[in-house]
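Here are my notes on the model, set out as numbered points. Please keep the structure open while you read.

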Amino acid sequence: MATESTAKAFTPDPEFLLQVRNLKEYFPITTGFMKTTMLKAVDDVSFDIRKGETLGLVGESGCGKTTIGRTILQLYKPTAGEIWFKGKKIDSKESLREFRRQAQMVFQDPYSSLNPRMTVADIVAEPIDVHKMYTNKKDREARIHELMNLVGLNTEHATRYAHEFSGGQRQRIGIARALASQPEFIVCDEPVSALDVSIQAQVINMLEDLQARLGLTYLFIAHDISVVKHISNRIAVMYLGHMMELASANELTKHPVHPYTVSLMSAVPIPDPKVSRRQQRIVLKGDVPSPLKVPEGCPFRPRCERATEACAKTCPAMREVAPGHFAACHNL
Ligand SMILES: Nc1ncnc2c1ncn2[C@@H]1O[C@H](COP(=O)(O)OP(=O)(O)O)[C@@H](O)[C@H]1O
Ligand SMILES: [Mg+2]
């Protein structure tokens, strides 16, 4: 399906591991008798991820973060758009098979994402079974133990069932499974938001440590900017299926330019009481509109203090407002 924008020939840039172009994911929703409406969960999103980089992806619940992750990994067939991995377009059965081995996902909820009736060994080995990545039973077992060690799980527990473990341990099992096929790229979909606050840092530190040791590249999804601030090289902000701003983590958190990001950042608590006293919280008017009724023009327009007539007419495209700093706003 060639849209106007994807029809332009795209030349991949070897600097990037993953390049996403004009990605759309629409879900048909029954909204009445014989009536379906397209829910535009992800609408024309483009971005790149460098090898070894962590790109944080933030935005309120329902803005399309999980859908982006799943669509990149082709767990959902993209409605439109292109995914390029290591300079190759993922568009054939062969390229998809190889991409499925090299790109994995750590899911948000370690309770629902692991089959409670499977042993840890079988869960962790699932990708190596699918991709036939072992020579014999002994080799398979050695690999399972290696993966369990990598995520700090006791190998004596390999024959236990997932339901016997705590949330934090379950997420370690999920991470071991994601690592099993020796991927280069991992989508971490809010990997700690279902866990006790006391163990969130442990799991994040482990993910960072694994990244350094194994040279992994992450798309790290969070609804809270403070979770990804420290671990991301760059951060992208989403609103109602659209990307609003993308910049280095430092630049985005210190000098946000998009009115939506500015309001998000104003809600992040600042530990320094002197700075904190000066901080003004910006409370947005209204609620996030239903994704079935995304406003015409800029999706943020109805809640934006700076909205003008132009904002009602056309949806602003992302453009570089400072070196490496992109934002989608007509008023910058
Ligand atoms: N499989 C699906 N079928 C229909 N609608 C979906 C599906 N998955 C997600 N959605 C809708 O798409 C929007 C984005 O969802 P999601 O990507 O899960 O957001 P986030 O991860 O940012 O919370 C939401 O309105 C959600 O209800
Ligand atoms: Mg989600």
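1. Start at Val-268. Leaving out residues up to four places away in sequence, Val-268 touches Ile-225 and Ser-226. Val-268 sits in the loop between α10 and α11 (273-278). Bear in mind that this is a predicted model. Is Val-268 buried, exposed or partly exposed? It is partly exposed, because 13 other C-beta atoms lie within 10 Å, and the buried class begins at 20. Arg-281 is 13 residues away from Val-268 along the chain, and their C-alpha atoms are separated by 8.7 Å.

2. The helix before that loop is α10, residues 259-266. It lies across two strands, β9 (234-239) and β10 (242-248). Its direction makes an angle of about 105 degrees with β9.

3. Now the sheet. It is open and has 8 strands, with mixed pairing. The order is β6-β7-β8-β3-β9-β10-β12-β11. Two strands stand at the edges: β6 (103-106) and β11 (319-322). Each has a single partner strand, so one side of each lacks a neighbour in the sheet. On average, neighbouring strands are turned by 25 degrees against each other, direction ignored.

4. Look at the β6 edge. β6 pairs with β7 (residues 185-189) over 4 bridges, in the parallel sense. Phe-185 of β7 is the bridge partner of Ala-103.

5. Strand β3 covers residues 54-58. How many of its residues are buried? The count is 5 of 5, so the rest of the structure largely encloses this strand. Thr-54, Gly-56 and Val-58 point one way, while Leu-55 and Leu-57 point the other way. Both sets are buried.

6. β3 has partners on two sides in the strand order, β8 and β9. It runs parallel to β8 (residues 217-222), joined by 5 bridges. There, Gly-56 has Phe-220 as its bridge partner. β3 also runs parallel to β9, joined by 4 bridges. On that side, Leu-57 stands opposite Ala-236.

7. Helix α2 spans residues 65-72 and is mostly covered, with 7 of its 8 residues buried. Which ones are buried? They are Lys-65, Thr-66, Thr-67, Ile-68, Gly-69, Thr-71 and Ile-72.

8. Take Gly-69 within α2. It counts as buried because 25 C-beta neighbours fall inside 10 Å, against a threshold of 20. Beyond its neighbours within four places in sequence, Gly-69 is in contact with Met-105, Val-187, Asp-189, Leu-219 and Ile-221. Gly-69 and Phe-107 are 38 residues apart in sequence, yet their C-alpha atoms are 10.0 Å apart.

9. What surrounds ligand 1? The shell is Phe-27, Leu-39, Ala-41, Gly-59, Ser-61, Gly-62, Cys-63, Gly-64, Lys-65, Thr-66, Thr-67 and Pro-291. The elements that give two or more residues are β2 (35-50) and α2. α2 gives the most, with 3 residues. By class, the shell has 5 nonpolar, 6 polar and 1 charged residues.

10. Helices α4 (residues 120-130) and α6 (residues 167-179) pack at an angle of about 30 degrees. Their axes are 6 Å apart. The crossing is right-handed. From α4, the contact uses Val-120, Ile-123, Val-124, Glu-126 and Pro-127. From α6, it uses Ile-173, Ala-176 and Arg-177. These contact residues divide into 6 nonpolar, no polar and 2 charged.

11. Check two backbone angles. Gln-74 follows α2 and lies in the loop between α2 and β4 (80-85). Its phi is near 60 degrees, a positive value in a residue other than glycine. Gln-74 is partly exposed, because 14 C-beta neighbours lie inside 10 Å. Lys-132 is not a glycine either, and has a positive phi of about 45 degrees. Lys-132 is in the loop between α4 and α5 (137-150). Lys-132 counts as exposed because it has 7 C-beta neighbours inside 10 Å, where exposed means 12 or fewer.

Notes: Residues numbered from 1 in each chain as written. Chains lettered and ligands numbered in written order. Predicted model: local features only at pLDDT ≥ 70, side-chain atom pairs only at ≥ 80, totals over all residues. Pairing = 2+ DSSP bridges. Axes fitted to C-alpha atoms, helices over the stretch in contact; angles between N-to-C directions. Contact = placed C-beta atoms within 7 Å. Left-handed = near helix turned anticlockwise from the far one by under 90°. Nonpolar A, V, L, I, M, F, W, Y, C, P; charged D, E, K, R; others polar. Near = placed C-beta within 6 Å.
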